[in-house]
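Here are my notes on the two-chain model, written as numbered points. Have the structure open while you read.

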Amino acid sequence: MRYTEEHEWLRVEDDLVVVGISEHASTQLGDVVFVDLPEPGTEVAKDDEVVVIESVKAASDILAPLDGEIVEVNETLADNPGLVNDDPTGDAWFFKMKVEDLSALDELMDEAAYKKFIG
Amino acid sequence: MGMAELERTALYQLHLDLGAKMVPFAGYDMPVQYPMGVMKEHLHTRAHAGLFDVSHMGQVILRPKSGNLADAALALESLVPVDIAGLKEGRQRYAMFTNDDGGILDDLMVANRGDHLFVVVNAACKAADIAHMRKHLGDRCDIEEITDRALLALQGPSAEAVMAEIAPQTAAMRFMDAAAFPSKFGELWVSRSGYSGEDGFEVSVANEQAAALARVLLEMEGVAPIGLGARDSLRLEAGLCLYGSDLDETTSPVEADLTWAIQKVRRTGGEREGRFPGAARILSELETGPKRLRIGLLPEGRAPMRAGTDLFAGETDEKPVGQITSGAFGPLIERPMSMGYVEANHGVTGTRLWGEVRGKRLPATVSDMPFRPATYKR
């Protein structure tokens, strides 16, 4: 698992990058009540706003961690946004994306570096 | 305002001990949530009982210089469009200070406590409210800001049984009764009221006894500490206005759909008609209807429509007909809910409007409030 400074996690499954938010981020957000997901097939550039998470407190943007194409989104979250709090690093992934070069992940933080990052 | 300048209530240390997340609010360092979290705190209050620290609010005593309470009541009537002279001893009533343009300076609670009026005002407005009362009522009333007492709210279906353990006489109170009772924690000034849509109490207690009282309440079955986050979603689900969001110096009580708070005796043809600031506008709006109206709104989807969202009559209309002033997810009704203002002809219950959320027009239906019926013990 790799992490961004925006508190997203990335893992590779079947040559696709699966993206979600960290346990730390989900705790900070508070109870999630709505997740606005992109359309599959959307081409995105790094730092594009691709997902909006509405918690009981406010709306937060999730940015594309890399350049690529969104190929699948987690429709479960439409009916069960609370999953983001219950299982942020497991079932509550947001989208899967196809990227040119999987080695770009190597530049991101690993678990130990992320733990240090959030203090 | 820097963190160092924030004021603390008598329960500050208790909030820290309970693991609260503290935020600046109206000049105070206040708990926005406890480890339970906003959603569970909200549902807990509706199912059992929630304890809120509302000590940041202003507590003010108005004593008539003449010794005759009617003089204080009539004096206060010069600042509010509400029947205060007709408020019976031991009863409390909702009111609002209006300005000369008929806008709302603050909303407040007024209780007749026999030889004085007890007034509770919003934290953010209290300095201005007290100055306003001193300026206009100072010749007829002694105005005393109570700074040595905390204010707790105990809200929810278990509140009656819990409060009876502290002061048994409170169980016989009805909604909007107000009285003082002796207790192990000194004299308590209790009203059967609150701002959650639940049955419950607001309890004024001496600062030095407040934390002890709160700790005893929290040890009782079903009582959990509740922060400002859930206080906001509870009041919105109950259709209650938040001053500064849903009410301000430009909104009249008629636009705000608070006409129920303006008794007949203060209206045109009433015995004490008018003679409050902004009476010309407010009385005329009562006759002919306001231009805009506060409404409840239920978004059709799951996306919350928050404060500032523009409202349109049609999916492609260019000109908005109103704006949302409060919006959140309703934990009990399990859907998003909003309130806002629209041009009055678009405010009819059942009307479909469109809110613009992140550039997308999403449908929402004008709805009666409260979104969740109140459970007051009348």
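Which residue's side chain meets that of B:Asp17 in a salt bridge? That is where I'd start; keep in mind throughout that this is a predicted model.

1. The partner is B:Arg215, with an N to O distance of 3.0 Å. B:Asp17 sits in helix H1 (residues 12-17) of chain B and B:Arg215 in helix H6 (residues 207-219) of chain B, so this salt bridge ties together parts that are 198 residues apart in sequence. On accessibility, B:Asp17 comes out as partly exposed, with a relative accessible area of 47%. B:Arg215 is partly exposed too, at 35%.

2. Next, have a look at B:Asp83 and B:Arg272, whose side chains form a salt bridge at 2.7 Å, N to O. Loops are involved here: B:Asp83 is in the one between helix H3 (69-77) and strand E5 (92-98) of chain B, and B:Arg272 is in the one between H7 and helix H8 (279-288) of chain B, so the pair ties together parts 189 residues apart in sequence. Are these two buried or exposed? B:Asp83 has a relative accessibility of 12%, so it counts as buried, the cut-off being under 20%. B:Arg272 is at 17% and counts as buried as well.

3. A further long-range pair in chain B is B:Lys377 with B:Glu160, a salt bridge of 3.1 Å, N to O. B:Lys377 belongs to the segment after strand E19 (360-367) of chain B, while B:Glu160 is in helix H5 (residues 159-166) of chain B; the pair links distant parts of the chain, 217 residues apart. Both ends are partly exposed: B:Lys377 has a relative accessible area of 32%, and B:Glu160 has 25%. For the overall tally, there are 31 salt bridges over all chains.

4. Now the interface. How many residues of chain A are in contact with chain B? There are 14 of them, meeting 13 residues of chain B. Between them the two chains bury about 1200 Å², with 49% of that on carbon and sulfur atoms. Four salt bridges turn up across the interface, along with six residue pairs in polar contact, where both residues have pLDDT 80 or more. On chain A, strand E4 (32-36), strand E6 (49-55) and helix H2 (76-79) each supply at least two residues of the side that touches chain B. By class, that side of chain A has eight nonpolar, one polar and five charged residues.

5. Staying with charges at the interface, B:Arg306 and A:Glu54 form a salt bridge through their side chains, 2.7 Å from N to O. These two also belong to a network of salt bridges that links A:Asp36, A:Glu54, B:Arg306, B:Arg358 and B:Lys360. If you want a picture of the interface, I'd draw this network.

6. B:Asp107 is one I'd check by eye. Which side chain of opposite charge is nearest to B:Asp107, and how far away is it? It is B:Arg235, at 8.9 Å; B:Asp107 is buried yet has no salt bridge. The residue lies in strand E6 (residues 104-112) of chain B. What B:Asp107 does have is polar contacts: its side chain is joined to that of B:Tyr94 at 2.7 Å, and to that of B:Asn122, also at 2.7 Å. Beyond its neighbours within four places in sequence, B:Asp107 is in contact with several other residues, including B:Ala95, B:Met96, B:Val121, B:Tyr195, B:Cys241, B:Tyr243 and B:Leu247.

7. B:Arg235 comes up again with B:Asp232: the side chains of these two make a polar contact of 2.9 Å. B:Asp232 is found in helix H7 (residues 228-237) of chain B and is partly exposed, with a relative accessible area of 31%. From B:Asp232 to B:Gln155 is 13 Å, C-alpha to C-alpha, for a sequence separation of 77 residues.

8. Last, helix H2 (residues 38-47) of chain B is mostly covered, with seven of its 10 residues buried. Which ones are they? The buried set is B:Val38, B:Met39, B:Glu41, B:His42, B:His44, B:Thr45 and B:Arg46.

Methods: Residues numbered from 1 in each chain as written. Chains lettered and ligands numbered in written order. Predicted model: local features only at pLDDT ≥ 70, side-chain atom pairs only at ≥ 80, totals over all residues. Heavy atoms only, no water. Contact = heavy atoms within 4.5 Å. Buried area = accessible area lost by both parts, 1.4 Å probe. Polar contact = N/O pair within 3.5 Å; in protein donor to acceptor, adjacent residues only side chain to side chain. Helix = DSSP H or I, 4+ residues; strand = E, 2+ residues; numbered from the N terminus. Nonpolar A, V, L, I, M, F, W, Y, C, P; charged D, E, K, R; others polar. Buried < 20%, exposed > 50% of the residue type's maximum accessible area, 1.4 Å probe, protein only. Lys, Arg positive; Asp, Glu negative; His and termini not counted.
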